[in-house]
Amino acid sequence: MSNTETTFHPLETYKIPTLPPSAYYIPSFLSPSESTELLSQISTHPWTTLTHRRLQPHPAPLTPSGHLLTSKPLPKFLESIASRLLSLKFSDETGIFTTSPHGKPNHVLINEYPPSTGIPSHEDGAAYFPVVCTVSLSSHIVLEVTPKNGGGGYRIFQEPESLLVTTEEVYREHLHGIEAVEVDGDLSEGTVANWGSLSDEVKRRILEGGGEVRREGVRISLTYRDVIKVKDAGRLFGRR
Ligand SMILES: O=C(O)CCC(=O)C(=O)O
Ligand SMILES: [Fe+2]
């Protein structure tokens, strides 16, 4: 990827202020040309088709018990984002994956959402180290985050080319989902937790739409995670 010059502020700078610990939102994590290049790479890989969505698990799907049965590395086209994630640092020089079992993401789930599709509210569970890094491409989407034990939720507006990192309490104690709508509504400074980080252009569109904004098109997300249990299937069957 061309944009190797990108430097970021310490992660604390990107903390979403009104959320419990901890979620970080970085607008323009990718450049438009990086996004275009990624989309074209993604289109060359086979999709798994679900009822309303398609997805690509790299390097392999997890087993029902949450194991990754290969120690193959991530495919090349997903590596530059992985290194960029590793380059993000808190003020004390630790990073997002410093204490994760493999010290870096070993799994990427690519999800595709045509307008009016979403993902039901769920939690990502114990298969992963509790950190998810989500890169959004092509269209905005609104992530609905709700506490497991009831109470009011939060909305995170994810712009194209942005990164959202969810960890700690937001990961462990909350469910997340995306509504199956063509137009996201009830968007305002009061309802969108990361309002302060949105571009002027996006805020203007929301305000002009009276709090509603139509999804631009198909949104693709890449979720980088560290799967805790990795077993090499080759080794299980005695190959070395
Ligand atoms: O696409 C997203 O932003 C969320 C995807 C998700 O929640 C998941 O794959 O577990
Ligand atoms: Fe999820």
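How many nonpolar, polar and charged residues are in the shell around ligand 1? Keep that question in mind as you turn the structure around; the points below lead you through it.

1. **The shell around the ligand.** By class, this shell has 3 nonpolar, 5 polar and 1 charged residues. Here are their names, so that you can find them: ligand 1 is surrounded by L109, N111, I119, D124, T134, L143, H176, S221 and T223. Two strands, β5 (107-113) and β14 (219-225), each supply at least two residues of the shell.

2. **How far to trust the picture.** Please remember that you are looking at a predicted model. The chain has a mean pLDDT of 93, and 95% of its residues reach 70 or more. The scores for the model are ipTM 0.98 and pTM 0.94. A word of caution for reading any prediction: where pLDDT is low, the coordinates should not be read in detail.

3. **The sheet of seven strands.** Now look for the open sheet formed by 7 strands, which follow the order β1-β10-β7-β14-β5-β3-β2 with antiparallel pairing. Which strands stand at its edges? They are β1 (23-26) and β2 (48-49); each has a single partner strand, so one side of each is left without a neighbour in the sheet.

4. **Inside that sheet.** Try following β7 (residues 131-137) and β14, which run antiparallel and are joined by 5 bridges. Along this pair, S136 stands opposite S221 of β14. You have met S221 already, as one of the residues surrounding ligand 1.

5. **Two helices on the sheet.** Helix α1 (residues 32-42) packs on this sheet and touches β5, β7 and β14. The direction of α1 makes about 100° with that of β7. Helix α2 (residues 79-87) lies across β7 and β14, and runs at about 60° to β14.

6. **Two residues of helix α1.** T36 is found in helix α1, and E37 has its place there too. Is E37 buried or exposed? Neither word quite fits: E37 has 17 other C-beta atoms within 10 Å, so it is partly exposed. A residue would need 20 or more to be buried, and 12 or fewer to be exposed. T36 also counts as partly exposed, because it has 13 C-beta neighbours inside 10 Å.

7. **Sequence and space.** Distances along the chain and through space are worth looking at side by side. E37 and F77 are 40 residues apart in sequence, and their C-alpha atoms are 9.2 Å apart in space. For T36 and C133 the separation is 97 residues in sequence and 19 Å in space, again C-alpha to C-alpha.

8. **The sheet of four strands.** There is also an open sheet of 4 strands, in the order β6-β11-β8-β9, and its pairing is antiparallel. Its edge strands are β6 (119-122) and β9 (154-158), each of which pairs on one side only. On average, neighbouring strands here are turned by 20° against each other, direction ignored.

9. **The hairpin of β8 and β9.** These two strands form a hairpin with 6 residues between them, and G150 in the turn has a positive phi of about 85°. β8 (residues 141-147) pairs with β9 in the antiparallel sense over 5 bridges. V145 has Y154 as its bridge partner in β9, while L143 stands opposite I156. L143 is also among the residues surrounding ligand 1. As for β9, 4 of its 5 residues are buried, so this strand is largely enclosed by the rest of the structure.

How values were computed. Residues are numbered from 1 along each chain as its sequence is written. Chains are lettered from A and ligands numbered from 1 in the order in which they are written. This is a predicted model: local features need pLDDT of at least 70, side-chain atom pairs count only at pLDDT 80 or more; totals for chains, interfaces and linings use all residues. Two strands pair if DSSP finds at least two bridges between them. Axes are lines fitted to C-alpha atoms, for helices over the stretch in contact, and angles run from 0 to 180 degrees between N-to-C directions. A residue is near a molecule or strand if its C-beta atom, placed from the backbone, lies within 6 Å of it. Ala, Val, Leu, Ile, Met, Phe, Trp, Tyr, Cys and Pro count as nonpolar, Asp, Glu, Lys and Arg as charged, and the others, Gly among them, as polar. Two residues are in contact if their C-beta atoms, placed from the backbone, lie within 7 Å. pLDDT is the predictor's confidence in each residue, from 0 to 100.
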